[in-house]
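Subject: A structure for you to look at

Hi,

Here's the structure I promised to pass on. Have a look at it first, then read my notes below.

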Amino acid sequence: MSGPLDYERCFDDAFRADWSAVYRFAVAWTNDLAAAEDIAQEAFTRLWDRRTSVDWGRPVVPWLLVVTRRLATDRFRRIRTPVIAPRVRDLNEDGVATWLDVQAAFGRLSARERAALISVAILGLSAEDAAEPLGMSAGAVRAAVSRAREKLESER
């Protein structure tokens with residue numbers, strides 16, 4: 001017979017394993033590093049608040065990504081200001097795009113396109129696995145990734 005579940009250890013393990021994915025997902029939705037950090041922290045705070053009802057034998061990242069998406073959507077509803085990024089075409093002296101270039105390019109994508117592209121291209125999720133956290137069908141994820149890539153390619 002095993003002892004009581006160590007919620008703190010389970011949470012710490014989830015935090016170490018999933019922080020990066022949750023933060024990158026929040027960046028994809030907000031295109032704002034500070035807001036993404038706040039949203040990711042809030043998602044983990046909500047996980048901690050639910051620690052006694054979580055099935056720690058299963059991955060918690062899908063739940064965290066759904067919470068992150070909802071928090072980002074709530075943030076957009078509160079601020080209701082469009083993200084207008086400047087058009088940045090210059091590369092640095094080494095011919096490499098800087099973070100500002102990437103941020104500006106991503107600013108021209110919709111939140112759904114950014115999130116789908118980050119989920120598939122950076123997090124390595126399949127369209128099917130990305131669908132639930134994004135609140136989209138797998139086909140809609142593929143379409144959003146395709147539109148995002150087309151927009152980014154047209155900026156070259």
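To start: what percentage of the 156 residues in the protein chain is buried? Buried residues account for 38% of them. Keep in mind that this is a predicted model.

Now the overall layout. The protein chain has seven helices and zero strands, so if you read along the sequence you get α-α-α-α-α-α-α, going by how helices and strands are defined. For contacts between residues at least 6 apart in sequence, 63% join residues at least 24 apart. As for the outside, the protein chain has an accessible surface of about 9,300 Å², and carbon and sulfur atoms hold 52% of that.

The helix I spent my time on is α7, which covers residues 138-154. You can check its length yourself: with 17 residues at 1.5 Å a residue, α7 should span 24 Å, and its end C-alpha atoms are indeed 24 Å apart.

Which residues of α7 are buried? They are Ala138, Val141, Ala144, Val145 and Ala148. Looking down the axis of α7, you'd find these buried residues within an arc of 120 degrees, so they line one face of the helix. Why does that spacing work? An α-helix has 3.6 residues a turn, so residues three or four places apart point the same way.

On the other side of α7, Glu150 and Ser154 are exposed. And what covers the buried residues of α7? The cover includes α5 (111-122) and α6 (127-134).

Cheers

Note on methods. Residues are numbered from 1 along each chain as its sequence is written. This is a predicted model: local features need pLDDT of at least 70, side-chain atom pairs count only at pLDDT 80 or more; totals for chains, interfaces and linings use all residues. Side-chain values use heavy atoms; hydrogens and water are left out. Helices (H or I, at least four residues) and strands (E, at least two) are DSSP runs, numbered from the N terminus. The expected span of a helix is 1.5 Å times one less than its number of residues. Buried means under 20% relative accessible area, exposed over 50%, partly exposed in between (1.4 Å probe, protein chains only). The arc is that of the directions from the helix axis to the C-beta atoms. Contact means heavy atoms within 4.5 Å. Accessible areas come from the Shrake-Rupley method with a 1.4 Å probe; for residues, only the protein chains shown count as cover.
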